[in-house]
Amino acid sequence: FLKISKLALAFAIIHSKPPGKSSKEYTEYLAKTVSEQDFGWKWKVEVLEAEVLRLRQELLLNRISPRFCLENNTSAETLLDRESINPTSNSSQLQDSGCDVSNDSAFDSLGIASDFHQSEHNINTSKHWLEGVPPLNLCCASKEQSLTAPVQFLQHLLEIRKLSEGGILQADFSELENDSFTICNSVSRLLDGLTVFYNSPKFPVPNFLTEAVCVLISLISDTKLSNHVLRKCFKKIEEFKKNLIQIILRNSSVNRFQALHSVSQTLGLLGRNNILRNSLISLLLLQVRQFAEQLLQAHQVQSVYDITQYENIFPLCMILEQLLQNETQESSISSSDYEGEEKIKFLKNLDQIILHLSDEFPLFSLYLWRVNVLLNSGQMQ
């Protein structure tokens, strides 16, 4: 039947083709016309889906807190002004010369550790996006607007959370259980939007990108909202972390280090969450171990190795070291919580790998040794 249909279509095209055009040209013209119509329908469907999501978001916000008024920011300002802010939390980072020889000296020498502390401070005191949250708007064409749309909805949730915590507003967050689609779809759109921008970054980093990351981290860190988000969107967030790691490893542009710095900062902030930290450590251990084994194999047979990937592996080593160091210092999670398969594989034959690579690749071997020390120190606690 399929062969007969194709043959009939071919005859119909041949018989109906206008004079002066070959059958091939007419076929290409028809294919282009059909594809343009399909694109138009897809665009209309996306617009309608965005409008449906916008209505669902507004309905969900109204169910959570019917008294919530988007135009009234006075109460939000009053509540946020009551919050205690520690102005000296970053003074040590600002005064650091970068010449420290402690465990995080190499990490901080590139400014990444300082940025983690600064970003945490920005998240705790990010009053700018809570004071004037714009109305919800999802029907937009540009990439910037497509990322801004889910951010706005999540900002509204966070503002309601702040106001309800201060007793200014009554809110029923159990409604999130009744409409998991809306929260999951919004978070998924935010993560997809961030992935798109990190794949093709613009410099200087747009304000809306920094704002989107702050909203994501605030959402994950919020004790009342994170349970709903992580339970429904954990796999999506794990996929996002994997994508960020691959963006770092595969980036081969000449001026890529500023982009890698931005992605590394986001990964490190995600690792500050106790629930996400262990899985991120496992992912980083996997990538660093696999690269170490590949580098050792290339060194033993004297074959060419990927110099770009060798340069890109260091941001991952820095993030891994910082996360392990923070976990050891905080002791908020027992060492048995990250006693996983990846840790066992990483430590296996690690001394031999360091021994063989230390002469040719001393800096990478040093990072492997530092991670090894941190893993073993956590094991002894």
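In this predicted model, the loop between helix H14 (274-300) and helix H15 (307-330) contains Gln302, a residue other than glycine whose phi is positive, near 55°. Most residues other than glycine have a negative phi. Gln302 is also exposed, since its relative accessible area of 65% lies above the limit of over 50% that defines this class. A second positive phi in a residue other than glycine, near 60°, is found at Asn349, and this residue is likewise placed in a loop, here the one between helix H16 (341-347) and helix H17 (350-357).

At the surface, Leu363, Leu366, Trp369 and Val373 together make a nonpolar patch of about 370 Å². Of these residues, Val373 is located in helix H18, which spans residues 362-380. The relative accessible area of Val373 is 37%, and this residue is therefore classed as partly exposed, a term that covers values between the limit for buried residues, under 20%, and that for exposed ones, over 50%. Because membership of a patch requires over 30% relative accessible area, the value of 37% computed for Val373 is compatible with its place in this patch.

Enclosed space was examined next. Rolling a probe the size of a water molecule over the atoms shows where empty space is left. When the whole structure is searched, two cavities of 30 Å³ or more are found. The largest cavity holds about 40 Å³ of space, and its lining is formed by Phe197, Tyr198, Pro201, Lys202, Val205, Pro206, Leu209 and Ser262. Divided by class, this lining comprises six nonpolar residues, one polar residue and one charged residue.

For the second largest cavity, a volume of about 40 Å³ is computed, and the residues that line this cavity are Leu191, Asp192, Thr195, Lys236, Glu239, Phe240 and Asn243. Two elements, helix H10 (180-199) and helix H12 (226-250), each give two or more residues to the lining of this cavity, and the greatest contribution is that of H12, with four residues. The classes represented in the lining of the second largest cavity are nonpolar, with two residues, polar, with two, and charged, with three. The lining of the largest cavity, by contrast, includes six nonpolar residues and one charged residue.

Key:
Residues are numbered from 1 along each chain as its sequence is written. This is a predicted model: local features need pLDDT of at least 70, side-chain atom pairs count only at pLDDT 80 or more; totals for chains, interfaces and linings use all residues. Side-chain values use heavy atoms; hydrogens and water are left out. On a 1 Å grid over the protein atoms alone, a cavity is a set of points where a 1.4 Å probe fits but cannot get out, and a pocket is an open set with protein on both sides within 12 Å along at least five of seven lines; lining residues have an atom within 4 Å of a point. Grid points are joined across faces, edges and corners, and a volume is the space filled by probe spheres set on the points. Ala, Val, Leu, Ile, Met, Phe, Trp, Tyr, Cys and Pro count as nonpolar, Asp, Glu, Lys and Arg as charged, and the others, Gly among them, as polar. Patches are made of residues with over 30% relative accessible area and no salt bridge: like charges are joined within 9 Å, nonpolar side chains (Val, Leu, Ile, Met, Phe, Trp, Tyr) within 5 Å. Accessible areas come from the Shrake-Rupley method with a 1.4 Å probe; for residues, only the protein chains shown count as cover. A salt bridge is a side-chain nitrogen of Lys or Arg within 4 Å of a carboxyl oxygen of Asp or Glu. Buried means under 20% relative accessible area, exposed over 50%, partly exposed in between (1.4 Å probe, protein chains only).
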